[in-house]
Amino acid sequence: MHNNLLCQYYKFNKIHDVILFLLAIVYLLIILQLDKISSYNFILLLLLCNLAITIIFVVKNKLQYLKILLLFMLSLLPVAISIFFMVLLFNKNIQNEYLFSILLIYRIYLITISSLVFIFCVDFEELIYYCMQQLKLPLNIAYALLIAVHAINYFTKELWRIKIAHLMRFHNNKFTLKILKTLLVSAAVYANNHAISLSGRGIVKNKTFLRTHNVITIGNIIFIIINILLLLFVWYYDKFI
């Protein structure tokens, strides 16, 4: 109840998908520009604050989201260890190999966290519809993107069905060239059916929509301005202080 009242007061019932997408890009660009561990620490603090906000206002299945975030962090451990030893073994010209390897690993983890905090919460279908309605994204590009977004879920289920059929027929469901060939045929059929559907419906400039997608609210604008100002402060501190 308290969260609902807070959302209504600040017009912040959901962080807009455009805001999340833009923040992911801005954080990526800033992280790639930083060189100090203290700057990385501040970015990590900002990301943790944003993570708390996205969990409160965006994520529905909070426990599953945190599990996925933790699994991604753990999956990067072999990469981090290999980078650490590769820098120590093959970069003798660097003055402080330990510091350089730690900074490199820290950067990789921050990029991963920023991607998961923002991009993982983006509803790409809503984002594309918003760009069509509000930002006048060309329909031929928008529908191609929509088909690609829907294809991810479709091919995940299609691969599962192909594996089940392969198991029933050949008593083996390992990913082989036969399964890949079947999946490629299914992809061709999928693309052809959607092309015929778009051609039959007609893509015209005066297209109408079933509903108006959410506009960017005052709370969302304040949210992105605060993030950008803090990121600019971190960048200035890293480069000039």
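Select Asp238 to begin: this residue is buried, with a relative accessible area of 5%, where buried means under 20% relative accessible area, exposed over 50% and partly exposed in between, computed with a 1.4 Å probe on protein chains only. The model is a predicted one, in which local features need pLDDT of at least 70 and side-chain atom pairs count only at pLDDT 80 or more, while totals for chains, interfaces and linings use all residues. Residues are numbered from 1 along each chain as its sequence is written, and side-chain values use heavy atoms, with hydrogens and water left out.

Keep Asp238 in view and add Lys239, whose side chain meets that of Asp238 in a salt bridge (3.9 Å, N to O); the term stands for a side-chain nitrogen of Lys or Arg within 4 Å of a carboxyl oxygen of Asp or Glu. Side chains of opposite charge can pair when their charged atoms come close. Next add Asp35, which forms a salt bridge with Lys239 (3.0 Å, N to O). This pair links distant parts of the chain, since Lys239 belongs to helix α10 and Asp35 to the loop between α2 and α3, 204 residues apart. Helices here are DSSP runs (H or I, at least four residues), and strands (E, at least two) are likewise DSSP runs, both numbered from the N terminus. Lys239 is partly exposed, with a relative accessible area of 33%, and Asp35 also counts as partly exposed, at 47%. Taken together, Asp35, Asp238 and Lys239 are linked in a network of salt bridges.

The structure holds 3 salt bridges, and another of them is found by moving to helix α8, where Arg161 and Glu158 lie 3 residues apart, about one turn of the helix. Their side chains meet at 2.6 Å, N to O; Arg161 is partly exposed at 40% relative accessible area, whereas Glu158 counts as buried at 14%.

Return to the region before α10 and select Thr217, in the loop between α9 (177-201) and α10. Thr217 counts as buried because its relative accessibility is 19%. The side chain of Thr217 is joined to that of Asn220 by a polar contact of 2.6 Å, a polar contact being a pair of N or O atoms within 3.5 Å, of which, within protein, one must be able to donate a hydrogen and the other to accept it, and for which residues adjacent in sequence count only if both atoms are side-chain atoms.

Now turn to the interior. In soluble globular proteins, nonpolar side chains tend to be buried together. A nonpolar core is a set of buried Ala, Val, Leu, Ile, Met, Phe, Trp, Tyr and Cys residues joined through side-chain atoms within 4.5 Å. Select Leu23, Tyr27, Ile43, Leu47, Tyr65, Leu110 and Phe118, which touch the most other members among the 44 residues of the largest nonpolar core. At least two residues of this core come from each of α2 (17-33), α3 (37-57), α4 (62-75), α5 (77-90), α6 (97-118), α7 (124-133) and α10 (218-240), and α6 supplies the largest share, 9 residues. Centre on Phe118: leaving aside residues up to four places away in sequence, Phe118 touches Leu20, Leu23, Ala24, Tyr27, Leu47 and Asn50, contact meaning heavy atoms within 4.5 Å. Apart from the largest core lies another, of 6 residues, among them Ile128, Met132, Tyr143 and Leu146.

Follow α7 next. At the start of this helix, a side-chain oxygen of Asp123 reaches to within 3.2 Å of the backbone nitrogen of Glu125. The buried residues of α7 are Leu127, Ile128, Tyr130, Cys131, Met132 and Gln133, and what covers them includes α2 and α8 (139-170).

Continue into the loop between α7 and α8 and select Lys136, which counts as exposed at 65% relative accessibility. Most residues other than glycine have a negative phi. Lys136, although not a glycine, has a positive phi of about 55 degrees. A polar atom of the Lys136 side chain lies 3.5 Å from the backbone oxygen of Gln133.

Finally, select the cysteines Cys49 and Cys121: Cys49 counts as partly exposed at 42% relative accessibility, and Cys121 is buried, with a relative accessible area of 11%. The structure holds 0 disulfides, a disulfide being a pair of cysteine sulfur atoms within 2.5 Å.
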